[in-house]
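Hi there,

Here is the structure I promised to pass on to you. Have a look at it first, and then read my notes underneath.

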Amino acid sequence: MGASNQSESFRDKISTVGTDGKRVWVYPKKQLGKYFNKRALVSYVLLLLLFSGPFIKINGEPLLLMNILERKFVIFGQIFWPQDIFIFAIGMIAFVILVIVFTVVFGRLFCGWVCPQTIFMEMVFRRIEYWIDGDWKQQKKLDNMPWNGHKIFKRVLKWSVFWAISFLIANTLLAYLIGIEELQDIVFGRPSEHISGLIAIVLFTSVFFAVFTWFREQVCTTVCPYGRLQGVLLDKNSIVVAYDYVRGEIRAKFRKNEDRVKEEKGDCIDCNQCVNVCPTGIDIRNGTQLECVSCTLCMDACDHMMDAVGLEKGLIRYDSEEGIKTGKPWKLTTRTKAYIVLMFAIVGLLATLILTRSEIDMNILRVRGTTYQKLTDSTYVNIFETTILNKTNQDHNITLKILSENASVESIGGDLVLKKGEVLQRELIVTMDEKAVLGPSTPVIIGLYEDGVLMVEQKINFNGPGF
Ligand code: SF4
Ligand code: SF4
């Protein structure tokens, strides 16, 4: 989308790479405004959640844990085991569909408001940079000046603060990977006993430091796969940060007491503020571009300028290509409604999968190489092995019963006490009356009970003589 009369040559290059192939450093101008304030509020709530998350426990389990090494995953206090992999697989597919559908309808809203990269870069590191180095012009001046006491002081101060925050982020990430207790052991324990943990902390800290100090917008413009997908996901009805070229063109500088309508000038006063504030260094007036992370800063900048010259705000706003072209306000089309219904269905599916997940898994197999044995004249015996997995964070006293007549089951090794998160293995002796044996294979159902309530059941085949 863009001004139809604009040259498309901007699409041939990346705004942050010069003609000599070198990085063009972006010095975005500091910009406050209505959208920034709202984004800041959302960001601070999300940051609070992120940093407090590792300390929050539900029934003794963390809010979120992704321990890949120990293959233990906890979401909202619910433990997921490798046996729940199908929930993960379906969940991941559903999540990808959700992201695609959300993007088709709402564009890169996620990038501007929720993405951790944008939140940390724009709401944390950039704010500190403005505080230490000053606004864009001072930053440029500082970068270009030779190394002297003033510059060394500012650099050491800024990089120390950046390193400290990167260290905090690295520790938080590690807490989500290995758990807060394990992390505390690494941080407060003897270094010689936690070499790999300490290496991980230093490595993560270095990566975050490099990303937020140097790599910055390049993550969004050249690395992030979600950003690269925009070209195929967005359509003319998707909501994006858009410049109203119909109203804005023909752009021309503002002069006091002019009659812009009479002079056939558009509302864009060509002040360049939308470009100056852009953290990815693009000109949104060229139209929707992959580099735009929907950070809304150009919307705030333009609204500020419109206000200053007495023109209507919203020259750059959230709108669709169709909305800009026709001038009609964005409304829900049938297709968009269908997408939103689909999004709710996916979220519902995910919630159902998690909530209806069995708390206890039971798997019964015949002991390898065994067959039936005749115990008395009228009784046959089979030996099975059961593996029972307690996926909850509570202990369970369980019993096993046969749901068929003329048969019984006994576990070898006493009471069946399932400790929280434990895998229990027992041998089972299944006895069956001759009258009930149908031949080489008789289907039998074994139920697992707790306090008389059937928790899970499994069908096995009882081996008997052929008649
Ligand atoms: S074009 Fe506007 S919304 Fe997009 S990245 Fe630049 S300032 Fe942010
Ligand atoms: S901030 Fe608004 S008025 Fe100024 S150049 Fe950008 S679009 Fe035009």
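Ligand 1 sits in the largest cavity of this predicted model. Around ligand 1 you will find Val 241, Cys 278, Pro 279, Thr 280, Ile 282 and Ile 284, along with Cys 292, Val 293, Ser 294, Cys 295, Thr 296 and Cys 298. Sorted by class, that shell holds nine nonpolar and three polar residues, with no charged ones.

Ligand 2 has its own set of neighbours: Tyr 243, Cys 268, Ile 269, Asp 270, Cys 271, Asn 272, Cys 274, Arg 285, Cys 302, Met 306 and Ile 316. Here the classes come out as eight nonpolar residues, one polar residue and two charged residues.

Now to the domains. The assignment splits the protein into domain 1, which covers 1-144 + 217-357, and domain 2, which covers 360-462. Their centres, taken over C-alpha atoms, are 56 Å apart. Nine residues from domain 1 and seven residues from domain 2 take part in the contact.

How much area is buried between domain 1 and domain 2? The figure is about 650 Å², and carbon and sulfur atoms give 49% of it. On the domain 1 side, the residues that lose the most area to domain 2 are Asn 59, Trp 81 and Gln 83, which together make up 58% of what that side buries. As for salt bridges between domain 1 and domain 2, the count is zero.

Happy browsing, and best wishes!

Conventions
Residues are numbered from 1 along each chain as its sequence is written. Chains are lettered from A and ligands numbered from 1 in the order in which they are written. This is a predicted model: local features need pLDDT of at least 70, side-chain atom pairs count only at pLDDT 80 or more; totals for chains, interfaces and linings use all residues. Side-chain values use heavy atoms; hydrogens and water are left out. A residue is near a molecule or strand if one of its heavy atoms lies within 4 Å of it. On a 1 Å grid over the protein atoms alone, a cavity is a set of points where a 1.4 Å probe fits but cannot get out, and a pocket is an open set with protein on both sides within 12 Å along at least five of seven lines; lining residues have an atom within 4 Å of a point. A molecule sits in a cavity or pocket if more than half of its atoms lie within 2 Å of its grid points. Ala, Val, Leu, Ile, Met, Phe, Trp, Tyr, Cys and Pro count as nonpolar, Asp, Glu, Lys and Arg as charged, and the others, Gly among them, as polar. Domain bounds come from an automatic or database domain assignment. Contact means heavy atoms within 4.5 Å. Buried area is the accessible area (1.4 Å probe) that two parts lose on being put together, summed over both. A salt bridge is a side-chain nitrogen of Lys or Arg within 4 Å of a carboxyl oxygen of Asp or Glu.
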